[in-house]
Structures are given as C-alpha cells and as structure tokens.
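Grab a pencil and your favourite viewer. Here are some short exercises, each with a worked solution.

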Amino acid sequence: MSVMVIGRTSSAREFLDSLVHKIMHLAVHISESKGINLSSEEPCYLAGDFARLLYPLCKDKLCCRCCH
C-alpha cells in the first residue's frame, strides 16, 4: 500500500511540482515491489496512469486563477 500526501502549496506551480514528485515516488515504489526495471517504460506509463487518475481530484489546484 502506498499513501501520497501533498501539503498546502503557495501556487499552482508549486502544487504541480509536488504532485509530479509524489507520483514519481509512487511509480518507483510500485515498480520496485513488482520487480519492474526502473529504466524501462513501465514506470513512466504507471506515472502517466496515476496523473490521469488524480487529475479530476487536482485540476482546481493546477490553475493559477482557481487557486485564490
């Protein structure tokens, strides 16, 4: 099981940076637990899948005009 926590951020840019950072950790943890080579395409596809899944939950944090 993996848990992803992103604290409060001051801007959409900072939120996106934190989100990508945490998605990468998630993809690495899952890849390592499944024996997936980290330099293969699979971790990248995993990260993309997570980004698509998380988008509906995060989209209001990604727009500078919506963050205020």
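Before counting anything, fix one term: a salt bridge here is a side-chain nitrogen of Lys or Arg within 4 Å of a carboxyl oxygen of Asp or Glu. Keep in mind, too, that this is a predicted model.

**Exercise 1. Find the salt bridges, and say where the partners sit.**

Solution.
- Step 1: Start from the general idea that side chains of opposite charge can pair when their charged atoms come close.
- Step 2: Run the search over the whole structure, and two salt bridges turn up.
- Step 3: Take the pair Arg52 and Asp49, whose side chains meet at 2.5 Å, N to O. Both residues lie in helix α2, three residues apart, which is about one turn of the helix.
- Step 4: Check how open these two are. Arg52 has a relative accessible area of 57%, so it is exposed, while Asp49, at 35%, counts as partly exposed.
- Step 5: Now do the other pair, Asp60 and Lys61, with 3.5 Å from N to O. Asp60 is partly exposed at 40% relative accessible area, and Lys61 is partly exposed at 39%.

**Exercise 2. Sketch the overall build of the protein.**

Solution.
- Step 1: List the secondary structure: two helices and zero strands.
- Step 2: Draw a box around the C-alpha atoms along the principal axes; it comes to roughly 40 × 20 × 20 Å.
- Step 3: Look at burial. Of the 68 residues in the protein, 22% are buried.
- Step 4: Turn to the surface. About 5400 Å² is exposed, and carbon and sulfur atoms supply 58% of that area.
- Step 5: Look at the contacts with a separation of 6 or more: 40% of them join residues 24 or more positions apart.

**Exercise 3. Which residues make up the largest nonpolar core, and which helix supplies the largest share?**

Solution.
- Step 1: Collect the members. There are nine: Phe15, Leu19, Ile23, Leu26, Ala27, Leu46, Ala47, Phe50 and Cys58.
- Step 2: Sort them by helix. α1 and α2 (42-58) each give at least two residues to this core.
- Step 3: Pick out the main supplier: α1 brings five residues, the largest share.
- Step 4: Zoom in on one member. Beyond its neighbours within four places in sequence, Leu26 is in contact with Ser2, Met4 and Phe50.

**Exercise 4. Why does the model have zero disulfides?**

Solution.
- Step 1: Recall the cut-off: the two cysteine sulfur atoms must be within 2.5 Å.
- Step 2: Take Cys44 and look for the closest cysteine sulfur. That one belongs to Cys58 and is 20 Å away, so it's too far for a bond.
- Step 3: Write down the count, which is zero disulfides.
- Step 4: Compare the settings of these cysteines. Cys58 is buried, with a relative accessible area of 9%, whereas Cys44 is partly exposed at 49%.

**Exercise 5. Follow the segment before α1 (12-34), looking at Met1 and Ile6.**

Solution.
- Step 1: Place both residues. Met1 sits in the segment before α1, and Ile6 sits there as well.
- Step 2: Ask how open Met1 is. At 99% relative accessibility, Met1 counts as exposed.
- Step 3: Look for nonpolar company: Met1, Val3 and Val5 make a nonpolar surface patch of about 440 Å².
- Step 4: Do the accessibility check for Ile6, which comes out partly exposed at 27%.
- Step 5: List what Ile6 touches, not counting residues up to four places away in sequence: Phe15, Ser18, Leu19 and Lys22.
- Step 6: Add a distance. From Ile6 to His21 is 9.7 Å, C-alpha to C-alpha, with their positions 15 residues apart in sequence.

**Exercise 6. Are Ala12 and Ser31 buried or exposed?**

Solution.
- Step 1: Locate the pair: Ala12 lies in helix α1, and so does Ser31.
- Step 2: Apply the cut-off, since buried means under 20% relative accessible area. Ala12, at 6%, is buried, and Ser31, at 0%, is buried too.
- Step 3: See what surrounds Ser31. Leaving out neighbours within four places in sequence, Ser31 is in contact with Ile36, Leu38, Pro43 and Leu46.
- Step 4: For Ala12, go further along the chain: Asp60 is 48 residues away in sequence, yet 9.1 Å away in space, C-alpha to C-alpha. That is the Asp60 that pairs with Lys61 in a salt bridge.

Terms used:
Residues numbered from 1 in each chain as written. Predicted model: local features only at pLDDT ≥ 70, side-chain atom pairs only at ≥ 80, totals over all residues. Heavy atoms only, no water. Patch = residues over 30% accessible without salt bridge, like charges linked within 9 Å, V, L, I, M, F, W, Y side chains within 5 Å. Areas by Shrake-Rupley, 256 points an atom, 1.4 Å probe, with all protein chains shown as cover. Helix = DSSP H or I, 4+ residues; strand = E, 2+ residues; numbered from the N terminus. Buried < 20%, exposed > 50% of the residue type's maximum accessible area, 1.4 Å probe, protein only. Core = buried A, V, L, I, M, F, W, Y, C linked by side-chain atoms within 4.5 Å. Contact = heavy atoms within 4.5 Å.
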